[in-house]
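Me: I should like to learn how to read the features of a structural model in an orderly way. Could we go through one together?

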Amino acid sequence: MDLSNINSVITENTKVVALTHQSNVLGTINPLKAIVARAHEVGAVVVLDACQSAPHMPIDVKELDVDFLVFSGHKALGPTGVGVLWSSVLDDLPPFLYGGSMIETVTMTTATWAPAPRKFEAGVPNMAQAVGLGAALDYLTNIGMINVHDHEVSLTQYLIEKLQQVPELKIVGPTNIDARGGTVSFTVGEIHPHDLGQYVDSQGVAVRTGHHCAWPLTRKLGVPATTRASLYLYNDESDCDALFDAILGAQKYFA
Amino acid sequence: MELDSLYQEVILDHYKHPMNKGLSATYGAQVHHVNPSCGDEVTLNVSAEKGIITSITWDGVGCSISQASVSIASDLLVNKSFAEAEAILNEFTELMHSKGTQQGNPEVLDDAVAFAGVSKFPARIKCALLGWMAIKDAAVRINTTTKGE
């Protein structure tokens, strides 16, 4: 990320700086320190999308010094339709939905709210999903986030070295392992990502293809779409080898 | 291999050597259709005279299925009346939703029967239908502006 114009992008008029910790397209880990410092300098709050980082590395919200941090359950081995919102300023914020379980006292003309986080959880809670996500996070914690991270770093290194051997394959995003996580997007010559994805799927390898919900970025990169391998704690080198073989197979198939 | 039922030779041929690609200078209607979930795009010009489709030209980007399908459709539906084109289009749509249970009638669908295998891959059906829906849209626009008369 180019930080040279940070002072003209984040100004006295900025109230909220919302950004991703690690890009779901490029894999890039953003340089938070300078951004958070600048945001706080102008009195803005920082909202961090940690969907691609919290499930993959140890996170210390105090050290990051962000004001809000969010991540989704389905990227952390958990269920869909549930996620985490953490904030140091929840007590200062008014509720945005009213309903059961979020009040302290109610009269015909007044109401006071339960303490956070309950005041933000009106109505019947998403119980099954919350319990499922809790179990998933306990599972990750027991393994140890530093172990998850170490595993991914070495595996990402292996995958990138492997992919760089494929003719016509271009990695979209940094190849420097210090600047990225385990989501690796790429293009392979003229093979359209949906065709490539279909082929590698037939070989038992699951990848994501398309814009990854970031069409403006895909346009800026000048590609119709990309193919993305997303490594996690359940992957090993044989998975990277299978992907490598499948890409070579696709090149023959669509030649 | 199951994949071969998806990527028939005729589909890959049309993908590599598309027909009617390159937009005509004039048209009765021009439409632009996309598959938002994958970014396949097609811009399509249709001209008609006396109720007959006289020209279908297009330009686009996307996967082999989407681009081959618009290529085949543009060849198949030209020189047909709107009613004939609609009947062919309806038969193709039905084939796409057949979940692999139909082969398609080559007397009606010609090369388009090659897409029969696509109906077994739910995520790709919309790729195959993109160009056809664009042609349908263009035909409707021509008829609502009566340029097809």
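Reply: The following turns take up the overall fold, one helix, the domains and the chain contact. Please keep in mind that this is a predicted model.

Me: Let us begin with the whole chain. How many helices and strands are there in chain A?

Reply: Chain A holds eight helices and ten strands. Along its principal axes, its C-alpha trace spans about 75 × 45 × 30 Å. Of the 255 residues in chain A, 30% are buried.

Me: What share of the contacts in chain A join residues at least 24 apart?

Reply: Counting contacts between residues at least 6 apart in sequence, 59% join residues at least 24 apart.

Me: I should now like to examine a single helix. What span does helix H5 of chain A reach from its first C-alpha to its last?

Reply: Helix H5 of chain A, residues 145-163, has 19 residues and reaches 26 Å, close to the 27 Å expected at 1.5 Å a residue.

Me: Why do residues three or four places apart in an α-helix point the same way?

Reply: The general idea is that an α-helix has 3.6 residues a turn, so residues at that spacing point the same way. In the present case, the buried residues of H5(A) are Glu152(A), Thr156(A), Leu159(A), Ile160(A) and Leu163(A). They lie on the same side of H5(A) because they cover an arc of only 95° around the axis.

Me: Which residues are exposed on the other side of H5(A)?

Reply: Ile146(A), Asp150(A), Ser154(A) and Glu161(A) are exposed there.

Me: Against which elements do the buried residues of H5(A) pack?

Reply: They pack against three strands of chain A, namely S7 (169-172), S8 (183-188) and S10 (226-230), and against helix H8 (237-253) of the chain.

Me: How is chain A divided into domains?

Reply: Domain 1 comprises 6-87 + 127-143, and domain 2 comprises 147-249. The contact between them takes 14 residues from domain 1 of chain A and 18 residues from domain 2 of chain A. By class, the side of domain 1 that touches domain 2 has seven nonpolar, seven polar and no charged residues. The C-alpha centres of the two domains lie 23 Å apart.

Me: How is the size of an interface often given, and how many residues of chain B are in contact with chain A?

Reply: In general, the size is often given as the accessible area lost when the parts come together. Here a residue count is available: eleven residues of chain B are in contact with eleven residues of chain A. On the chain B side, helix H1 (residues 2-6) supplies the largest share, three residues. That side of chain B divides into six nonpolar, four polar and one charged residue.

Conventions. Residues numbered from 1 in each chain as written. Chains lettered and ligands numbered in written order. Predicted model: local features only at pLDDT ≥ 70, side-chain atom pairs only at ≥ 80, totals over all residues. Domains from an automatic or database assignment. Contact = placed C-beta atoms within 7 Å. Nonpolar A, V, L, I, M, F, W, Y, C, P; charged D, E, K, R; others polar. Helix = DSSP H or I, 4+ residues; strand = E, 2+ residues; numbered from the N terminus. Expected span 1.5 Å × (residues − 1). Buried ≥ 20, exposed ≤ 12 C-beta atoms within 10 Å, placed from the backbone. Arc of directions from axis to C-beta.
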